[in-house]
Every structure is written in structure tokens, then in C-alpha cells.
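Hi there,

Here is the structure I promised to pass on to you. Have a look at it first, and then read on for my notes.

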Amino acid sequence: MKIGFIGLGNMATAMIGGMLGKGLVESQDVIGSSKTSATAEKIKTRFNITTVLDNKKVAAESDILFLAVKPLFFPEVIEEIRSAVKAETLVVSIAAGRTLGYLKEAFGRPELKIVRCMPNTPALVLEGCTGICAGDEVSEEDLEKVVTLMESFGKASVVPERLMDVVVGVSGSSPAYVFMFIEAMADEAVAAGMPRKQAYEFAAQSVLGSAKMVLETEKHPGELKDMVCSPGGTTIEAVKVLEEKGMRAAVMDAMEACIEKSRSMS
């Protein structure tokens with residue numbers, strides 16, 4: 001099985017690293033293309049894969065072809081590779097806002113098997129979260145192959161396409177919200193006298209550990225919050241302030257704006 005990547009940016013390299021690291025593919029079975037020879041050489045050296053500057057070559061040789069370029073480049077890239085993609089190739093897009101309908105129309109080849117994925121940047125540290133939906137031409141076996149590949153760098157779940165914009169809000173864009181939260185906690189720790197490097201470590205580790213508790217205990221987040229809030233203690237005072245400042249509503253409003261923006265791009 002030949003895995004191809006058109007585009008060798010951060011997300012593509014995270015995916016390649018995960019797939020190779022989990023032993024799902026061998027380096028000789030991966031081919032990728034980039035715009036510049038410098039990038040191609042860097043990725044070739046890093047992963048010992050085949051890299052080229054020719055998108056059509058990658059498209060022609062791939063059994064599973066990942067489109068890992070920014071959405072604005074899709075029209076020109078698809079136009080370039082349309083005739084080179086084999087009928088049996090599984091085409092996987094990782095671009096926000098490019099629907100299955102758009103992809104089918106852009107390729108103009110109704111027989112193509114097309115999958116749409118929305119990974120997020122924690123894939124760079126193998127802790128990504130990916131939403132996946134597929135066209136009617138994609139078999140359960142093919143879909144399972146994509147899920148397995150995406151799980152090499154984090155968690156992956158199949159969702160109906162109508163929820164892909166929600167995926168953008170709750171996982172695709174949400175690392176930015178979390179980074180802001182970590183930064184704010186660290187800033188106040190610095191204001192209270194803690195060295196900044198240490199403040200970032202304490203804040204980030206607390207978020208990491210809390211997220212792990214949600215996933216591993218499967219307890220409701222509210223129950224886990226209550227476990228920290230001792231009667232008359234410090235935590236409930238902080239929670240009270242966050243409620244007064246409208247933290248929940250602010251997060252929900254931010255996500256709503258993100259989801260609506262994603263819908264408008266479709």
C-alpha cells in the first residue's frame with residue numbers, strides 16, 4: 001500500500017511521523033511532494049521517504065492520497081492531479097471548509113473514493129484529535145484504513161459530515177483556546193511571583209493531567225470539578241469568580257462563532 005502526501009507541512013509531517021512510528025507503513029511505501037526542494041530534502045532526510053516536486057507523480061503512485069495543502073490551493077492542485085489519480089485510489093482531504101460535495105465537483109470524477117478529515121495541531125506531539133467523514137463510494141474497509149492511520153497520531157472518530165463544522169470548533173480550533181487559558185494562568189502565577197518558565201510548566205501540566213482524567217476516568221467533567229472543590233476552600237472561590245465573569249458562556253460563544261465561520265467557508 002503506497003501512501004502519498006501532496007504538501008509536506010507541519011500537519012503532514014506529524015501524520016507521517018505517527019504512521020511510521022506505529023509501524024503502520026514502511027518508509028519505502030511513503031511518497032510526498034512539496035513546492036520547494038529545500039522542504040523535500042528536509043523531509044526525505046528526516047523520514048527516509050521518497051520526496052519529489054511533482055504532485056502528479058505522487059497522485060499517480062498513491063493507493064491512499066492525502067491532500068495536505070491549504071484550502072486556498074485546492075483548486076489549482078486538484079486541477080493539476082485530477083487525471084493522474086487512479087480510479088481505485090482513496091483520496092483523503094485534511095482541509096477545513098472543503099466539503100465532500102466540493103471535492104467531488106472539483107475532481108469531476110464520480111467514481112473516486114473521497115474521505116474528509118479534520119485533524120488538529122496536537123497531532124504534532126501525537127495527541128491529535130481527528131473527525132472523519134466519507135463519501136458514499138467509500139467502503140467500510142477503506143474507511144477503517146483511514147481511521148487506523150489517523151489514530152497513529154492521536155484519537156480519531158467517524159462523524160456525519162453535518163458535524164464536521166462542529167469538529168472544527170470543538171477540536172480543530174480549540175487548541176488556541178486552551179493555549180490562551182494556559183497563558184492566562186501562567187501570567188497570574190508570574191504576577192504572584194513565580195518564574196515564567198515554571199509557571200508555564202505548572203499551568204500546562206495541570207491542563208494535561210485534567211484532560212487525561214476526563215478521558216481515563218470517564219467521569220463527568222462537573223463531577224471531577226466537584227472533587228477539587230472542598231467546602232469553604234480555595235478552589236470554589238476561584239470557580240465562583242469564573243462563573244461571575246461568564247467563563248462558560250464566553251467559551252460557548254467563541255465556539256459558536258468558530259462553527260459559524262467554518263460553515264460559511266463550506
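Let me start with Leu242, which counts as partly exposed because its relative accessibility is 38%; the cut-offs for that class are 20% and 50%. Please keep in mind throughout that this is a predicted model. Leu242 sits in helix α11, which covers residues 234-244. Together with Phe181, Met185, Met247 and Val251, Leu242 makes a nonpolar patch of about 380 Å² on the surface. Two helices, α8 (174-191) and α12 (247-265), each give at least two residues to that patch.

For orientation, the protein has twelve helices and eight strands. Its C-alpha trace spans about 70 × 40 × 30 Å along the principal axes. Of the 266 residues, 39% are buried.

Next, the salt bridges. Side chains of opposite charge can pair when their charged atoms come close. How many salt bridges does the structure hold? The count is 15, and a few of them deserve a visit in your viewer.

One of these joins Lys113 and Asp142, with 3.0 Å between the closest N and O atoms. This pair ties together distant parts of the chain: Lys113 belongs to strand β6 (residues 113-118) and Asp142 to helix α6 (residues 140-150), and the two are 29 residues apart. Are these two partners buried or exposed? Both Lys113 and Asp142 are buried. For Asp142, that label follows because its relative accessibility is 11%, and buried means under 20%.

Asp142 also meets the side chain of Lys145 in a salt bridge, at 3.9 Å from N to O. Lys145 and Asp142 are separated by about one helical turn, because they lie three residues apart in helix α6. Unlike the buried Asp142, Lys145 is partly exposed, with a relative accessible area of 33%. Put together, Lys113, Asp142 and Lys145 are linked in a network of salt bridges.

Another salt bridge pairs Glu223 with Lys219, where the closest N and O atoms are 3.6 Å apart. Here Glu223 is partly exposed, because its relative accessibility is 38%. Lys219 is partly exposed too, at a relative accessible area of 33%.

Now to the pockets. The second largest pocket has a volume of about 800 Å³. It is lined by 30 residues, and those closest to its centre are Gly7, Gly9, Ala68, Val69 and Lys70. Which helices each supply at least two residues of this lining? They are α1 (10-21) and α4 (74-81). Sorted by class, the lining has 15 nonpolar, eleven polar and four charged residues.

One last spot to look at is Lys44, which is found in helix α2 (residues 37-47). Lys44 counts as partly exposed because its relative accessibility is 42%. In sequence, Lys44 and Gly32 are twelve residues apart, while in space their C-alpha atoms are 8.9 Å apart.

If you would like a route through the model, you could begin at the nonpolar patch with Phe181 and Leu242, move on to the network of Lys113, Asp142 and Lys145, and finish at the second largest pocket, with Gly7 and Lys70 among the residues closest to its centre.

Happy viewing, and best wishes!

Conventions:
Residues numbered from 1 in each chain as written. Predicted model: local features only at pLDDT ≥ 70, side-chain atom pairs only at ≥ 80, totals over all residues. Heavy atoms only, no water. Patch = residues over 30% accessible without salt bridge, like charges linked within 9 Å, V, L, I, M, F, W, Y side chains within 5 Å. Areas by Shrake-Rupley, 256 points an atom, 1.4 Å probe, with all protein chains shown as cover. Salt bridge = Lys/Arg side-chain N within 4 Å of Asp/Glu carboxyl O. Helix = DSSP H or I, 4+ residues; strand = E, 2+ residues; numbered from the N terminus. Buried < 20%, exposed > 50% of the residue type's maximum accessible area, 1.4 Å probe, protein only. 1 Å grid on protein atoms, 1.4 Å probe; cavity = no way out; pocket = protein on both sides within 12 Å on 5 of 7 lines; lining within 4 Å. Points joined across faces, edges and corners; volume = space filled by probe spheres on them. Nonpolar A, V, L, I, M, F, W, Y, C, P; charged D, E, K, R; others polar.
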